[in-house]
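Trainee: I should like to work through this structure with you, one question at a time. Where shall we begin?

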2 protein chains.
Amino acid sequence: MFSSSRAESPLPAPPHVERVCGVRCVSLPRFSDSRGALFVGEVGANLPFTPRRFFFIDAPAEATRGSHAHREAHQMLVCLQGCCAVLADDGVNSAEYVLTSPDQGLYLPPRTWSVQHYGAPHNLLLVLASDVYDPADYVNDYEEFLRLTRQPRRAG
Amino acid sequence: MFSSSRAESPLPAPPHVERVCGVRCVSLPRFSDSRGALFVGEVGANLPFTPRRFFFIDAPAEATRGSHAHREAHQMLVCLQGCCAVLADDGVNSAEYVLTSPDQGLYLPPRTWSVQHYGAPHNLLLVLASDVYDPADYVNDYEEFLRLTRQPRRAG
């Protein structure tokens, strides 16, 4: 669906190595019984930021969304139903992460270009973001994104 | 499914009147196009607390969950798929809120006894909570809950 990496390597990276800067898969513990399954994430455990915005997307098959980066916002993506292939790109390396289960989260730090492609007939994606909506935080032009990745980050 | 109120009134309360203390329905704006629908909530707009925990429940038809209150935690419930009837009870009044659409959120303040009953063949409920998991915040006994509701609240 997407090219897996622009920085080709003859051997796959070990799983603990981040191929795309800061991007990582996060496990969401599942608790199941006859009443169904519960999946959980929380700040300080598996959610590396405090969310101030949430949104969820109900997407049809073959829909593509995203194609932007955030200057400052952190995000966590969880596919609650269906399948979502996420291209993540830090300006040097890129990789595709295929989310197919609600026990997987994908953390995207600021300055990550991301594209989501939905693969099942019915798809639900939950996104938690560290900041409220601010159009100025979005970078929608890929060349501008590449210039941004070359700038030093603000002191934290 | 649940009794609608213990404090009966000959006329329904106007929509702006809270029948159950602090509980309220919240609208989540929907943005739709050919790529699907996006629903959003954020702190300072329609989310009256900063979440530190999220969980989602994949529940079969006729499952019942909840049956507890929280001492301090605020919660927001959103039914992403299916149907969830939420009994909310403040110790004096109770009401049932039927969540059937992802553009509706239900805010539950602390000290609200709540029971969720799932009505569709497949149900997904998202819950955002103001605090990380703490077993001491749960009140699982209804009589203890009633005693709690008679105690003064801590200064904010």
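Mentor: Let us begin with a term: two strands pair if DSSP finds at least two bridges between them. Please keep in mind throughout that this is a predicted model.

Trainee: Over how many bridges do strand 4 and strand 11 of chain B pair?

Mentor: The strands concerned are strand 4, residues 53-60, and strand 11, residues 122-129, both of chain B. B:F56 has B:L126 as its bridge partner in strand 11, and B:F55 has B:V127 there. The two strands run in the antiparallel sense, and the number of bridges between them is 8.

Trainee: Which residue of strand 11 of chain B is the bridge partner of B:L77?

Mentor: Strand 6 of chain B is antiparallel to strand 11 of chain B and is joined to it by 6 bridges. Within strand 11, the bridge partner of B:L77 is B:V127.

Trainee: What is the strand order of the open sheet of 7 strands?

Mentor: Strand 11 of chain B pairs with strand 4 of chain B and also with strand 6 of chain B. The pairing in this sheet is antiparallel, and both chains appear in its order, which reads 2(A)-3(A)-4(B)-11(B)-6(B)-9(B)-1(B).

Trainee: Which strands stand at the edges of that sheet?

Mentor: An edge strand here has a single partner strand, so one of its sides is left without a neighbour in the sheet. From one strand to the next, the twist averages 20°. The strands at the edges are strand 2 (30-33) of chain A and strand 1 (24-27) of chain B.

Trainee: Why is strand 11 of chain B described as largely enclosed by the rest of the structure?

Mentor: A residue counts as buried when its relative accessible area is under 20%. Strand 11 of chain B is largely enclosed because the buried residues among its 8 number 7.

Trainee: What is the volume of the largest pocket, and which residues lie nearest its centre?

Mentor: The space in the largest pocket is about 570 Å³. Its lining comprises 26 residues, and by class these are 12 nonpolar, 9 polar and 5 charged. Strands of both chains supply at least two residues each to this lining, among them strand 3 (36-42) of chain A and strand 10 (113-118) of chain B. Nearest the centre lie A:L38, B:R53, B:F55, B:R65 and B:Y138.

Trainee: How many cavities of 30 Å³ or more does a search of the whole structure find, and what is the volume of the largest cavity?

Mentor: Rolling a probe the size of a water molecule over the atoms shows where empty space is left. The search finds 3 cavities of 30 Å³ or more. Residues lining the largest cavity include A:H68, A:H70, A:L108 and A:S114, and by class the lining has 4 nonpolar, 5 polar and 1 charged residues. The volume of the largest cavity is about 60 Å³.

Trainee: Which residues line the second largest cavity?

Mentor: The second largest cavity holds about 40 Å³ of space. By class, its lining has 4 nonpolar, 3 polar and 1 charged residues. The lining residues are B:H70, B:A73, B:Q75, B:L108, B:P109, B:P110, B:R111 and B:T112.

Trainee: Is A:H117 buried or exposed?

Mentor: A:H117 belongs to strand 10 (residues 113-118) of chain A. Its side chain makes a polar contact of 2.9 Å with the side chain of A:E62. The relative accessible area of A:H117 is 13%, and the cut-off for burial is under 20%, so A:H117 is buried.

Trainee: Where does A:S101 lie?

Mentor: A:S101 has a relative accessible area of 14% and is buried. Its C-alpha atom is separated by 7.9 Å from that of A:G82, although the two residues are 19 residues apart along the chain. The place of A:S101 is the loop between strand 8 (94-99) and strand 9 (104-108) of chain A.

Trainee: Which residue has a side chain joined to that of B:D89 by a polar contact of 2.6 Å?

Mentor: B:D89 lies in strand 7 (residues 84-89) of chain B and counts as buried at 4% relative accessibility. Its side chain reaches the backbone nitrogen of B:G91 at 2.6 Å. The side-chain partner, also at 2.6 Å, is B:Y142.

Notes
Residues are numbered from 1 along each chain as its sequence is written. Chains are lettered from A and ligands numbered from 1 in the order in which they are written. This is a predicted model: local features need pLDDT of at least 70, side-chain atom pairs count only at pLDDT 80 or more; totals for chains, interfaces and linings use all residues. Side-chain values use heavy atoms; hydrogens and water are left out. Helices (H or I, at least four residues) and strands (E, at least two) are DSSP runs, numbered from the N terminus. Axes are lines fitted to C-alpha atoms, for helices over the stretch in contact, and angles run from 0 to 180 degrees between N-to-C directions. On a 1 Å grid over the protein atoms alone, a cavity is a set of points where a 1.4 Å probe fits but cannot get out, and a pocket is an open set with protein on both sides within 12 Å along at least five of seven lines; lining residues have an atom within 4 Å of a point. Grid points are joined across faces, edges and corners, and a volume is the space filled by probe spheres set on the points. Ala, Val, Leu, Ile, Met, Phe, Trp, Tyr, Cys and Pro count as nonpolar, Asp, Glu, Lys and Arg as charged, and the others, Gly among them, as polar. Buried means under 20% relative accessible area, exposed over 50%, partly exposed in between (1.4 Å probe, protein chains only). A polar contact is a pair of N or O atoms within 3.5 Å; within protein, one must be able to donate a hydrogen and the other to accept it, and residues adjacent in sequence count only if both atoms are side-chain atoms.
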